[in-house]
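Visitor: Hi, I'm new to this one. Can you walk me through it?
Guide: Sure, let's bring it up and talk it over.

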Amino acid sequence: MSELAIFGGEPVIAEEPRRYRSMGEAEARAVAEVMASDCLSGFYGSPGDEYWGGPKVQAFEAAWCERYGVAHAISVNSATSGLFAAVGAVGVSPGDEVIVPPWTMSATAMAPLVYGGIPIFADIEDETFGLDPEAVRAAITDKTRAIIAVNLFGHPARLEELLEIADKHDLHLIEDNAQAPLGATASGLAGTIGHIGVFSLNYHKHIHTGEGGVCVTDDDVLGKRLAMIRNHGENVTDWLGMDDLTNMVGFNYRMTEMSAAVGLVQLENIDAHVEPRERFAEILSEGARNLRGLKVPAVREGCRHNYYCWCATYDAGDAGVDRDLFRDALIAEGVPCFTGYVEPLYRLPTFQKRIAFGREGYPFTLGAPDYTKVHCPVTECMHRDQALLIEVCSLEPSEELAQRIGEAITKVHRNTGELSSRAGELAAAS
Ligand SMILES: Cc1ncc(COP(=O)(O)O)c(C=O)c1O
């Protein structure tokens with residue numbers, strides 16, 4: 001009888017892991033208070049005090065500024081909106097190139113398109129999966145306008161180096177900090193190092209408001225432009241004394257009073273929401289650290305990793321069995337894991353079929369590259385062969401669960417010989 005659950009043995013984790021629950025009584029009270037006030041939104045899209053939102057939105061933004069030590073926090077209704085606003089705020093115009101990584105949530109790469117910009121994919125580095133500064137340098141042309149770095153899985157990208165590149169070439173660095181709310185490098189909190197940082201408050205994240213996001217910046221002009229893009233900026237250009245009207249066609253990206261009220265409570269408790277996830281992931285890493293063929297997530301010197309996801313780098317040659325079979329065996333042991341993260345974004349039909357819309361280049365500006373020819377080897381290798389992930393943020397971060405996941409990983413690893421020799425049997429059964 002096999003010890004492995006995939007062949008009928010006892011699984012290490014028999015019951016479904018509990019999901020993280022972040023809403024409590026304080027959030028419920030905060031929502032009830034807004035309901036009782038009858039002010040569910042305080043925004044008006046025209047000149048006046050209400051241009052900046054209602055009391056909860058303004059209090060939430062002030063609290064965010066304080067916690068992150070930034071001059072401006074502009075709440076929005078999602079990080080996607082925040083990224084769109086950020087790209088608009090820095091002035092991306094038709095034909096401008098914006099360097100983005102291909103291994104991220106799709107909104108990062110879609111943002112430039114909103115303004116007729118051209119996403120240019122640069123590869124990631126293989127240590128913590130942020131943009132590789134070398135690849136960014138190689139991608140810069142005289143049309144480059146901005147770089148969007150993603151602090152993927154909760155670990156900051158090489159932000160200082162990327163900022164240096166941006167400054168040298170007179171570009172803006174936007175941080176997509178959706179996944180790393182308290183990530184940090186030696187020089188500060190993730191999200192506050194680039195010219196604009198964008199946070200997500202969707203319900204998958206460490207803290208959330210159901211849907212929501214926040215943009216931060218220390219730059220007064222960028223702060224004003226972000227607020228204008230959020231709220232019908234075309235109506236207030238004279239009132240706010242804006243001379244540069246580039247991209248001043250505003251959207252409605254406004255946050256509701258209820259979301260802001262929930263956000264205030266979540267932000268107040270952010271340490272208590274983030275730290276147990278970090279501890280959970282550290283236990284996972286301790287459990288899997290010395291297994292041949294499995295490299296646990298790196299934490300660069302001086303950095304803080306928030307572990308939105310725990311992403312190990314798997315080497316089938318060293319481990320002795322194909323990654324997806326290893327994953328299937330883990331799932332059979334009750335481990336909530338998956339492989340590959342997302343497909344390299346340039347492979348999405350939106351990019352691959354960009355000419356098939358009937359009009360050359362649509363919805364892309366002329367001058368966009370032929371994305372069928374784009375290859376980012378590190379991204380492709382992580383996606384296809386190496387990334388083995390646990391979505392830490394979605395789980396109740398109990399130390400017991402982390403230890404049992406560690407046991408399950410060790411158990412499957414101990415049995416890769418059997419897994420490999422019986423691979424044909426599994427394939428036939430599926
Ligand atoms: C890296 C990254 N960027 C952007 C987003 C978009 O966030 P939102 O759902 O708040 O629009 C996400 C969401 O998962 C993300 O992970």
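Visitor: What order do the 4 strands of the open sheet with β10 come in?
Guide: They go β10-β11-β13-β12, and the pairing is antiparallel. Strands here are DSSP E runs of at least two residues, helices are H or I runs of at least four, and both are numbered from the N terminus. Two strands pair if DSSP finds at least two bridges between them. Before we go on, this is a predicted model: local features need pLDDT of at least 70, side-chain atom pairs count only at pLDDT 80 or more, and totals for chains, interfaces and linings use all residues. Residues are numbered from 1 along each chain as its sequence is written.

Visitor: Which strands are at the edges there?
Guide: β10 (294-295) and β12 (337-339), each of which pairs on one side only.

Visitor: Which helix packs on that sheet?
Guide: Helix α11 (residues 323-332), which touches β11, β12 and β13 (387-390). Its direction makes about 165° with that of β12. Contact means C-beta atoms, placed from the backbone, within 7 Å. For the angles, axes are lines fitted to C-alpha atoms, for helices over the stretch in contact, and the values run from 0 to 180 degrees between N-to-C directions.

Visitor: And how many bridges hold β10 to β11?
Guide: 2 bridges, in the antiparallel sense, with β11 covering residues 310-314. One partnership to look for is K295 with T313 in β11.

Visitor: OK, new topic. What's the order in the open sheet of 7 strands?
Guide: β1-β9-β8-β5-β4-β2-β3, with mixed pairing. The edge strands are β1 and β3 (118-121), each pairing on one side only. From one strand to the next, the twist averages 25°.

Visitor: What does α3 touch on that sheet?
Guide: α3 packs against β1, β2, β4 (144-150), β5 (172-176), β8 (196-200) and β9 (213-217). The direction of α3 makes about 165° with that of β8.

Visitor: Is β8 mostly covered or uncovered?
Guide: Mostly covered, with 5 of its 5 residues buried. Buried means 20 or more other C-beta atoms lie within 10 Å of the residue's own, exposed means 12 or fewer, and partly exposed is in between, with C-beta atoms placed from the backbone. I196, V198 and S200 are on one side of β8, G197 and F199 on the other, and both faces are covered.

Visitor: How does β8 pair with β5 and β9?
Guide: With β5 the sense is parallel, over 3 bridges. With β9 it's antiparallel, over 4 bridges. G197 of β8 is the bridge partner of E175, and in β9 the partner of G197 is V216.

Visitor: What about the ligand? How many residues surround it?
Guide: 15, and the closest are S78, A79, T80, M105 and A178. A residue is near the ligand if its C-beta atom, placed from the backbone, lies within 6 Å of it.

Visitor: Which helices supply that shell?
Guide: α3 (79-89) and α4 (107-110) each supply at least two residues. The shell divides into 5 nonpolar, 9 polar and 1 charged. Nonpolar covers Ala, Val, Leu, Ile, Met, Phe, Trp, Tyr, Cys and Pro, charged covers Asp, Glu, Lys and Arg, and the others, Gly among them, are polar.

Visitor: Back to α3. Is V87 in it buried or exposed?
Guide: V87 sits in helix α3 and is buried, with 28 other C-beta atoms within 10 Å. Beyond its neighbours within four places in sequence, V87 has contacts including V92, V98, Y115 and I174.

Visitor: Why is α8 largely enclosed?
Guide: Because 11 of its 12 residues are buried. Those buried residues pack against α1 (25-37), α2 (55-68), β1 (72-76) and α9 (270-288).

Visitor: Any odd backbone angles? What is the phi of D38?
Guide: About 65°, which is positive although D38 is not a glycine. Most residues other than glycine have a negative phi. D38 lies in the loop between α1 and α2 and counts as exposed, with 7 C-beta neighbours inside 10 Å.

Visitor: And what about F129?
Guide: F129 has a positive phi too, about 75°, and is not a glycine. F129 lies in the loop between β3 and α5 (133-139), and is buried, with 27 other C-beta atoms within 10 Å.

Terms used: Two residues are in contact if their C-beta atoms, placed from the backbone, lie within 7 Å.
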